[in-house]
Amino acid sequence: MKKILILFFVLGLSGIIFVSCDKNDSTPDYTQQSALAQDYAFIQGIYSDIFELLCQASGDSALIASGVGMIEGANVVYDSINHTYQFNFGTKKSINGKSGSFTAVSDGKFEDQGTKTTVFFNDFKVGDSRVEGSNDITNQGKLSKKLSTLIQFSDSITNAKVIKGTDTMFFNATYSVLWALNDTTITTDDEYTFGGSVSGSTNTNKSFSASISPNNLILFTPACTHIVSGIITMVMTTLDSNNAPLTTNVSVDFITSDGCNNQISVNTNGTIVSFPLQ
């Protein structure tokens with residue numbers, strides 16, 4: 001599960017500064033762009049994590065049979081009549097930094113084609129950041145593949161907010177998600193890939209629009225605690241030294257040198273900064 005990005009999340013661009021000892025005055029200052037890229041990556045982790053939690057819950061035969069279970073630090077209650085999952089992380093931060101709860105209400109079984117699932121948040125927090133907004137996930141049906149079962153979903157995130165103190169990130173996304181069940185009886189070897197478009201803005205007048213490269217989709221696996229791979233290209237609007245809008249092209253690359261690490265690379269107009277996400 002993706003317990004990523006919490007320590008490095010700086011919503012509102014409030015203080016991550018990348019400085020090298022030999023930096024000179026001619027080096028472009030892309031602090032705002034790097035921080036905004038981190039904001040995106042943090043939110044990507046939140047919503048991908050929610051999707052994976054639902055996949056784990058729907059594939060947990062003991063939970064489905066008994067109606068109660070524990071998944072990644074959350075007490076989960078399943079209502080088989082109303083196809084409802086409630087994930088409760090408690091009032092204090094859990095071991096993975098979450099607190100509060102969210103409820104997923106479906107109009108059928110999560111794995112069945114045509115089922116729509118809507119996620120509602122109840123004081124749900126990751127670290128010190130509260131999550132609000134609409135998240136609708138619709139099962140588009142199975143795709144054929146020799147070595148695994150693929151289920152395709154559309155995942156629409158509308159008017160989402162991630163709030164930390166006085167800082168707010170507004171977020172919208174339209175994803176196409178593939179859930180690859182490499183063994184239909186367990187979820188530990190499954191894979192999740194996200195493609196689509198994303199947009200975001202802050203209450204400090206920064207914004208971005210982005211797309212996930214079809215050839216470099218965002219990849220998650222339960223075996224890795226970080227995003228495994230993927231590249232997202234972004235057009236950002238930040239503020240220059242005169243507080244005028246400044247547009248830059250940025251790419252965010254989840255580095256995969258060893259197949260599972262916590263590195264992210266941000267390329268802003270050819271200036272590359274890499275940093276860990278833990």
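Visitor: Of the 278 residues of the protein chain, what percentage count as buried?
Guide: The model is a predicted one. Buried here means under 20% relative accessible area. Of the 278 residues of the protein chain, the share that meets this cut-off is 49%.

Visitor: How many helices and how many strands does the protein chain have?
Guide: One of the helices is α1, which covers residues 31-58. Among the strands are β5 at residues 116-126 and β9 at residues 191-202. For the protein chain, the count is 2 helices and 15 strands.

Visitor: Among contacts in the protein chain between residues at least 6 apart in sequence, what percentage join residues at least 24 apart?
Guide: A contact means heavy atoms within 4.5 Å. The pool is limited to residues at least 6 apart in sequence, and the part of it that joins residues at least 24 apart is 50%.

Visitor: What area does the protein chain expose, and what percentage of it do carbon and sulfur atoms supply?
Guide: The exposed area of the protein chain is about 12500 Å². The part supplied by carbon and sulfur atoms is 50%.

Visitor: Which residues have the most contacts inside the largest nonpolar core?
Guide: The largest nonpolar core has 62 residues. Its largest share, 14 residues, comes from helix α1. The residues with the most contacts inside this core are Y47, F87, F171 and F208.

Visitor: Why is α1 described as largely enclosed by the rest of the structure?
Guide: Helix α1 has 28 residues, and a residue is buried if its relative accessible area is under 20%. The helix is largely enclosed because the number of its residues that are buried is 26 of the 28.

Visitor: How far apart are the end C-alpha atoms of α1, and what span should its 28 residues have?
Guide: At 1.5 Å a residue, the 28 residues of α1 should span 40 Å. That agrees with the distance between its end C-alpha atoms, which is 41 Å.

Visitor: Is G200 buried or exposed?
Guide: G200 sits in strand β9. Leaving out residues up to four places away in sequence, G200 touches M169, F170, F171, K206, S207 and F208. Its relative accessible area is 9%, so G200 is buried.

Visitor: What distance separates the C-alpha atoms of G200 and I43?
Guide: F171 touches both I43 and G200. Along the chain, G200 and I43 are 157 residues apart. Their C-alpha atoms are separated by 9.8 Å.

Visitor: What kind of pair do the rings of F194 and F220 form?
Guide: A search of the whole structure finds 20 aromatic pairs. For F194 and F220, the ring centres are 5.7 Å apart and the planes stand at 65°. Planes over 60 degrees apart count as edge-to-face, so the pair of F194 and F220 is edge-to-face.

Visitor: How many residues apart in sequence are the parts that the pair of F194 and F220 ties together?
Guide: F194 is buried, with a relative accessible area of 1%, and F220 is also buried at 1%. F194 lies in strand β9 and F220 in strand β11, so the pair ties together parts whose separation in sequence is 26 residues.

Visitor: How many bridges join β6 to β7?
Guide: Strand β6 is joined to β5 by 6 bridges, and these two run antiparallel. Strands β6 and β7 also run antiparallel, with R130 standing opposite I163 in β7. The bridges that join β6 to β7 number 12.

Visitor: Which residue takes a positive phi near 65° in the hairpin of β5 and β6?
Guide: V126 stands opposite S129 in β6. The hairpin has 2 residues between the strands, and the one with a positive phi near 65° is G127.

Visitor: Where does N205, which has a positive phi of about 70° although it is not a glycine, lie?
Guide: N205 has a relative accessible area of 58%, so it is exposed. Its place is the loop between β9 and β10.

Visitor: What distance separates the C-alpha atoms of A210 and T233?
Guide: A210 lies in strand β10 and counts as buried at 9% relative accessibility. Beyond its neighbours within four places in sequence, A210 is in contact with residues including I232, T233 and M234. A210 and T233 are 23 residues apart along the chain, and their C-alpha atoms are separated by 5.5 Å.

Terms used:
Residues are numbered from 1 along each chain as its sequence is written. This is a predicted model: local features need pLDDT of at least 70, side-chain atom pairs count only at pLDDT 80 or more; totals for chains, interfaces and linings use all residues. Side-chain values use heavy atoms; hydrogens and water are left out. A nonpolar core is a set of buried Ala, Val, Leu, Ile, Met, Phe, Trp, Tyr and Cys residues joined through side-chain atoms within 4.5 Å. Buried means under 20% relative accessible area, exposed over 50%, partly exposed in between (1.4 Å probe, protein chains only). Helices (H or I, at least four residues) and strands (E, at least two) are DSSP runs, numbered from the N terminus. Two strands pair if DSSP finds at least two bridges between them. The expected span of a helix is 1.5 Å times one less than its number of residues. Accessible areas come from the Shrake-Rupley method with a 1.4 Å probe; for residues, only the protein chains shown count as cover. Rings of Phe, Tyr and Trp (its six-membered ring) pair if their centres lie within 6.5 Å; planes under 30 degrees apart count as stacked, over 60 as edge-to-face and the rest as tilted.
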